[in-house]
Amino acid sequence: MRARLGYLRRFSSLPLPASAPLPHLLSLLSRCSTFGHIAQAHAFMIARGLPGDNLLLAKFLHACSSLGFRGHALLAFDRAERPDVYLLNTMIRCLCRTDSAEHAMALFNRIQGAGLRPDTYSFPSVLKAVAHLGMLELGREVHGQITRFGLDADIHVSTALVVMYSDCGEVTDARKLFDGFQLRDVVMWNAMTAGYVKVGDVDSARHVFEQMPKRNVVSWTTVIAGFADATRSDEAITMFRRMQLEDGIEPDEVALLAVLSACANLGALDLGEWIHRFIGKRGLCKTIPLMNALIDMYAKSGNIHKALEVFEDMKQRSVVTWTTVIAGLASHGLGFEALELFHRMEREHVQPNDVTFLAVLSACSHLGLTDLGRWYFDRMHSRYMIKPGIQHYGCVIDLLGRAGCLREARDLVRHMPFEPNGAIWGALLAAARSHGDAELGELALRRLVEIEPHNSGNYILLSNIYAAHEMWDDVARLRKMMKEKGVMNVPGASSIEVDGAVHEFTSRDGSHPYFDRIYGLLHEMSGHLKMIGYVPKHHSDVLDFEEGLTAEENVIVLQSM
């Protein structure tokens with residue numbers, strides 16, 4: 001007892017009267033915010049002989065878990081004299097919260113091993129552990145136990161089953177359960193919608209969403225994030241606007257992150273600026289992920305100066321913050337500014353990650369700083385112990401290719417510790433095209449056709465090399481190969497936001513209402529460019545053929561240019 005009292009006196013920042021009643025102690029547990037508070041409360045419980053009170057001990061375990069002290073929670077739980085189902089359920093939930101799924105499953109088995117009966121609070125937690133482990137067959141076994149105990153009619157248990165099957169990739173089984181349950185609340189509807197989003201079936205997710213009798217912010221956020229993740233950015237923005245107009249629901253942080261991503265992809269600057277103002281009004285400027293998303297949105301929407309302003313106004317920054325700005329500067333052609341910011345990052349002792357070095361290598365590539373790019377590539381491992389990935393090799397190959405070091409680039413492909421992917425061979429093909437190396441271009445294309453046989457861009461790059469050397473027979477052969485393989489030339493697309501509306505343009509698309517005015521202005525600009533000496537390289541678009549012509553007819557057209 002003396003040792004226990006000494007442990008109690010060691011922590012004295014939480015006021016605990018010697019005669020504190022149980023309700024007072026429960027109230028104090030909810031106010032614990034440090035390990036000192038947790039340790040003092042635990043010492044008081046031991047000194048008063050309270051570890052046998054399962055209700056109090058469960059509250060203590062919850063407090064430990066909420067603050068991240070899983071080890072201390074396990075220590076207290078292991079000393080429980082007669083744990084009941086309530087205490088075991090609490091510990092299982094704590095372990096699921098700290099990603100200790102295996103331990104949670106072991107405790108669940110202990111419930112039945114001790115002759116106790118699992119209840120409606122036991123199964124949702126254990127199903128969460130199963131989903132985390134991705135053990136579908138084990139999940140089916142737990143489902144069987146739920147049926148035997150007659151708990152499959154409970155909405156919380158059934159919702160947990162829907163989530164478990166969805167997380168394990170069996171969304172069809174999740175839908176069967178969902179359709180068979182009549183009394184569905186908004187949580188179950190949200191779970192089914194999220195299940196489809198997780199497997200990438202955004203259309204089915206939207207179909208479920210549209211059938212919901214009642215929606216909350218989670219419902220809307222799920223479909224908005226789903227469309228954003230599927231790069232269907234215009235639909236994500238449409239759903240975001242509907243959320244406010246139809247239900248008057250204020251977006252949460254997850255919705256804001258998703259719609260900012262959509263704005264970045266579309267260049268929807270007006271909406272992005274509105275979100276920035278909304279974040280400021282709601283006092284969310286200290287939320288680092290949101291500010292990072294704002295920086296990314298501004299950079300990708302063409303306003304790099306506003307991105308820098310947001311960056312400089314931030315009191316706290318993560319490595320993602322620095323990386324996002326460096327990448328933004330590099331993409332805007334401000335390579336020297338990007339490298340200077342990286343040096344500032346190092347001076348402020350912020351540890352870069354692998355994505356940071358992708359941005360740095362990209363900056364070197366755009367600036368043509370070949371030697372510096374090689375130095376940074378080596379510095380990744382020599383100083384920061386970051387093992388270069390295949391994307392880093394791709395950046396260096398692009399760097400060497402731009403500089404005309406084709407032999408060195410080819411040797412790097414041969415000796416890198418990865419099997420070259422499409423991006424690697426694509427970088428070599430682009431380099432070959434830039435420097436007119438038909439032999440290297442053919443080599444790269446052969447590999448690309450094996451990896452991604454229906455990517456029209458690969459054929460177009462090689463055709464440009466042939467056209468530059470006036471190898472028209474090879475151009476025709478390539479066109480014939482494309483037809484035989486069924487490769488379609490997908491037109492490029494671009495978008496711009498004007499007065500809050502996003503306009504998308506594709507090659508040879510005459511459907512826009514201002515088509516005549518737009519192309520009239522482009523024709524006028526083309527005339528001005530020719531007046532100052534610009535000569536277009538017609539061979540750069542040799543595979544943008546008229547669909548009605550044969551390969552030979554297209555060659556004749558090209559030769560007559």
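Me: What phi does G533 take, just after α30?
Reply: This is a predicted model, where local features need pLDDT of at least 70, side-chain atom pairs count only at pLDDT 80 or more, and totals for chains, interfaces and linings use all residues. Residues are numbered from 1 along each chain as its sequence is written, and side-chain values use heavy atoms, without hydrogens and water. Helices are DSSP runs numbered from the N terminus (H or I, at least four residues; strands are E, at least two). G533 follows just after α30, and its phi is positive, at about 105°.

Me: How far does helix α30 reach from its first C-alpha to its last?
Reply: Helix α30 covers residues 515-531, which is 17 residues. The expected span is 1.5 Å times one less than the number of residues. For α30 the expected value is 24 Å, and the helix comes close to it, reaching 24 Å.

Me: Is S365 buried or exposed?
Reply: S365 is found in helix α22, residues 354-367. Its relative accessibility is 5% (buried is under 20%, exposed over 50%, partly exposed in between, with a 1.4 Å probe and protein chains only). S365 therefore counts as buried.

Me: Which residues is S365 in contact with, leaving aside its neighbours within four places in sequence?
Reply: Contact means heavy atoms within 4.5 Å. With those sequence neighbours set aside, S365 in helix α22 touches D398, L399 and R402.

Me: How many aromatic pairs are found in the whole structure?
Reply: Rings of Phe, Tyr and Trp (its six-membered ring) pair if their centres lie within 6.5 Å; planes under 30 degrees apart are stacked, over 60 edge-to-face, the rest tilted. A search of the whole structure gives a total of 13.

Me: What kind of pair do F311 and W322 form?
Reply: F311 lies in helix α19 (residues 304-313) and W322 in helix α20 (residues 319-331), so the pair ties together parts 11 residues apart in sequence. F311 is buried at 0% relative accessibility, and W322 is buried at 1%. Their rings are 5.0 Å apart centre to centre, with 80° between the planes, and the pair is edge-to-face.

Me: Why is the pair of W375 and Y376 edge-to-face?
Reply: W375 is partly exposed at 43% relative accessibility, whereas Y376 is buried at 1%. The ring centres lie 5.1 Å apart, and the pair is edge-to-face because the planes stand at 65°.

Me: Which residues do ring pairs link into a cluster?
Reply: W375 and Y376 both belong to this cluster. Ring pairs link its members, which are F342, F357, W375, Y376 and Y384.
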